[in-house]
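This report describes the fold, the disulfide, the backbone exceptions and the main pocket of one protein model. The sequence and the structure are shown first.

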Amino acid sequence: ITNNLSNRNLIINGAMQVSQRGTSFASANSYTLDRWRYYKNISGQVTVSQETITDLVGFGKALKINTTTAEAGLPSASGNQYATLYQSIEAQNLQHLANGASGAKTITLSFWIKSNVTGTFCVSFYKADNTNRVISLPYTINSANTWEKKTLVVPGDTSGGGINNDTGNGIDLYWIWARKTGYSGTTSTSWVNYSDTAWAPTCTGTIFENVNDHVFLTGVQLEVDNGSEKPTDFEHRFFADELRRCQRYYETSYNHGTAVGTATDNGTIMFLSNRSPGTAHT
């Protein structure tokens, strides 16, 4: 569905073009490419990197997660551990969703994914303000080493007290790459009060069975549904526009005493984030 209206995409850096911190990151609970944070409390290790791609028309960059230390059998292992890549959306950017009200809006998530692993994975949506709420929706990687577009339709949440109009985390989106049985349970197609068993019930896939199991992700878009339950075309932004959005959340420091908003010795401008980066779901 073509839609030329701008500012549809609630995700920042969905085309994975901006990576101010570097282009390769060892497995750590920290930001990687801008706005994308990796978190894990399993033993398996990965490298997260920004990759140039030539096999998906319309996209030139992707985020890659590559397993460097395997941890086999995760979906059936007991415990409350998992590995995820996630993005937090600022609360004041989500007021138009009417979350918690009778007219709460349906939203649509779409993304392109490619992996050498097939199976059922999921994206979990978590809202922390007021009553903690969660919904976890499955998708299947059907063909190995093939770009596939996935679409998840998220119903509006009419309960839970809504999202505060502030600079905190509004909704966190978690792409879960492995989880243990403590997060398995009954599948729900609607928002529910948070519980571990509702966190990732359908996520039986894992990228940690073997070294060099991997996944590529790009073209991520979250938008208010237009009534069709189908995504609009990906909203491509100029690199400069995407960079400016990312700079709001990017924090760096210089030992030579550069003042905020002034040029550094290499001619770039120093920016400081005006909000905390948030922490992982626990």
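A residue is called buried when its relative accessible area is under 20%. The model discussed here is predicted.

**Residues with positive phi**

Most residues other than glycine have a negative phi. Asn 13, which is not a glycine, nevertheless has a positive phi of about 65°. Asn 13 is placed in the segment before strand 1 (24-26). Its relative accessible area is 0%, so Asn 13 is buried. Arg 35 is likewise not a glycine and has a positive phi, of about 75°. Arg 35 belongs to the loop between strand 2 (30-31) and strand 3 (37-40). Because its relative accessibility is 4%, Arg 35 counts as buried. The table sets out these two residues.

| Residue | Phi | Relative accessibility |
|---|---|---|
| Asn 13 | about 65° | 0% |
| Arg 35 | about 75° | 4% |

**The six-stranded sheet**

Strands of a sheet pair through backbone hydrogen bonds, either parallel or antiparallel. In this model, six strands form an open sheet with antiparallel pairing, in the order 1-4-5-13-7-10. Strand 1 and strand 10 (148-154) are the edge strands; each has a single partner strand, so one side of each has no neighbour in the sheet. From one strand to the next, the twist averages 25°. Within this sheet, strand 7 (residues 107-115) runs antiparallel to strand 13, and eight bridges join the two. Leu 109 has Leu 222, in strand 13, as its bridge partner.

**Strand 11 and its partners**

Strand 11 (residues 169-179) is mostly covered, with 11 of its 11 residues buried. Strand 11 runs antiparallel to strand 6, to which nine bridges join it. Here Ala 83 has Ala 178 of strand 11 as its bridge partner. Strand 11 also pairs with strand 8 (residues 119-127), in the antiparallel sense and over five bridges. In that pairing, Cys 122 is matched with Ile 176 of strand 11.

**The disulfide**

Cys 122 also takes part in a covalent link. A disulfide is a covalent bond between the sulfur atoms of two cysteines. The structure holds one disulfide, which joins Cys 122 to Cys 203 with an S to S distance of 1.4 Å. The link of Cys 122 and Cys 203 is right-handed, with 60° about the S-S bond. Cys 122 lies in strand 8, whereas Cys 203 lies in the loop between helix 1 (196-199) and strand 13 (214-224), so the pair ties together parts that are 81 residues apart in sequence. Both Cys 122 and Cys 203 are buried. Another cysteine, Cys 246, counts as buried because its relative accessibility is 1%.

**The largest pocket**

Rolling a probe the size of a water molecule over the atoms shows where empty space is left. The largest pocket of the model holds about 270 Å³ of space. Which residues lie nearest the centre of the largest pocket? Among its 16 lining residues, these are Asn 9, Leu 10, Ile 12, Asn 93 and Arg 245. By type, the lining of the largest pocket consists of five nonpolar, six polar and five charged residues. Strand 6 (residues 82-90) supplies four residues, the largest share of this lining. Strand 6 thus appears in two parts of this account: it contributes to the lining of the largest pocket, and nine bridges join it to strand 11.

Key: Residues are numbered from 1 along each chain as its sequence is written. This is a predicted model: local features need pLDDT of at least 70, side-chain atom pairs count only at pLDDT 80 or more; totals for chains, interfaces and linings use all residues. Side-chain values use heavy atoms; hydrogens and water are left out. On a 1 Å grid over the protein atoms alone, a cavity is a set of points where a 1.4 Å probe fits but cannot get out, and a pocket is an open set with protein on both sides within 12 Å along at least five of seven lines; lining residues have an atom within 4 Å of a point. Grid points are joined across faces, edges and corners, and a volume is the space filled by probe spheres set on the points. Ala, Val, Leu, Ile, Met, Phe, Trp, Tyr, Cys and Pro count as nonpolar, Asp, Glu, Lys and Arg as charged, and the others, Gly among them, as polar. Buried means under 20% relative accessible area, exposed over 50%, partly exposed in between (1.4 Å probe, protein chains only). Two strands pair if DSSP finds at least two bridges between them. A disulfide is a pair of cysteine sulfur atoms within 2.5 Å. Axes are lines fitted to C-alpha atoms, for helices over the stretch in contact, and angles run from 0 to 180 degrees between N-to-C directions.
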